[in-house]
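Student: I am new to this structure and should be grateful for a close look at a single part of it. Would you please take the sheet as the starting point and explain what surrounds it?

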Amino acid sequence: TVVFDRGDVVSSVQPGAEGDARGVTITTGSLEVKNDAQIAASTFGTGNAGKVEINATDTVVFDGGSAVSSVEVGAEGNAGDITITTGSLEVKNGAQISAITSGQGNAGKVKINATDTVVFDRGKSEFFTGAASQVSPGAKGDAGDITITTGSLEVKNGAQISASTFGKGDGGNINLIVEETIVFDGGSLNGTTASTSSGVLSEVGPKAEGKAGDVSITTGSLTVTNGSQINASTSGIGNSGNINIVAEDRSEERR
């Protein structure tokens, strides 16, 4: 078991430096990241951020903690991918898995492969909770794709899966491959705006220039309730993406 509690593990290119960060790899039975702890690979200078790779045979829990690969403001380089392979994944209470560019360079991909379950739950937190690949305002570069492969997926209480652009560059594609069930439930944030409702978001934001990515969902069953949404939209300069949903119960075939 590995636990990060108010402590960080960081691989970075510092301001003024030139070179690539090597990234962070964690292999364990279970991992818990909580209370603002971070697993991060970032570039603040000239060079690429490294990858974040987590391999946990049993469980991964982010509770108010995060895994981040980022190109920071003023930096030039690409963010690395974030890859999580585990039995089950829980991201809650302001926790996030994010690949972000705020400088000049592409955001990385987010790849999650969980044998059993993936749960994103914002709870009562005021902060973004979920998985994101994003081009921030003022940045130049493309967002990466988000791919989640699991048995069941639940996104609730304002948590989101988001691949969007708010700068100059394209948003990423979102691919959800879920064998059994997907539930998007707005829960306690029922009736709120798109920026805080649960679900999937592929967006070209206001003042952004680029195209939104596609949203592709393949599952046995899909439920969208209490103000949650699946949203591909443009509020800036560029086209919105496609939404493709295939929901087909294969339980009889498995028998």
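**The parallel sheet and its surroundings**

Tutor: Strand β11, residues 146–156, and strand β13, residues 174–185, pair in the parallel sense over 10 bridges. Within this pairing, T149 has I177 of β13 as its bridge partner. The model in which these strands appear is a predicted one.

The two strands belong to an open sheet of 9 strands with parallel pairing, whose order is β1-β3-β5-β7-β9-β11-β13-β15-β17. At the edges stand β1 (2–5) and β17 (243–247); each has a single partner strand, so one side of each is left without a neighbour in the sheet. Direction ignored, neighbouring strands of this sheet are turned against each other by 20 degrees on average.

The nonpolar core may be considered next. The largest nonpolar core has 43 residues, and those touching the most other members are I39, F62, I97, F120, L153, I161 and L176. For I39, the contacts beyond its neighbours within four places in sequence include F4, V9, V24, I26, L31 and V33. Also in contact with I39 are V52, I54, S66, A67 and V68.

Finally, one loop deserves attention. R122 lies in the loop between β9 (110–121) and β10 (130–135). Its relative accessibility is 11%, and because buried means under 20%, R122 counts as buried. A polar atom of the R122 side chain lies 3.1 Å from the backbone oxygen of E126. R122 and V91 are 31 residues apart in sequence, yet their C-alpha atoms are 8.1 Å apart in space.

Key: Residues are numbered from 1 along each chain as its sequence is written. This is a predicted model: local features need pLDDT of at least 70, side-chain atom pairs count only at pLDDT 80 or more; totals for chains, interfaces and linings use all residues. Side-chain values use heavy atoms; hydrogens and water are left out. A nonpolar core is a set of buried Ala, Val, Leu, Ile, Met, Phe, Trp, Tyr and Cys residues joined through side-chain atoms within 4.5 Å. Buried means under 20% relative accessible area, exposed over 50%, partly exposed in between (1.4 Å probe, protein chains only). Contact means heavy atoms within 4.5 Å. Two strands pair if DSSP finds at least two bridges between them. Helices (H or I, at least four residues) and strands (E, at least two) are DSSP runs, numbered from the N terminus. Axes are lines fitted to C-alpha atoms, for helices over the stretch in contact, and angles run from 0 to 180 degrees between N-to-C directions. A polar contact is a pair of N or O atoms within 3.5 Å; within protein, one must be able to donate a hydrogen and the other to accept it, and residues adjacent in sequence count only if both atoms are side-chain atoms.
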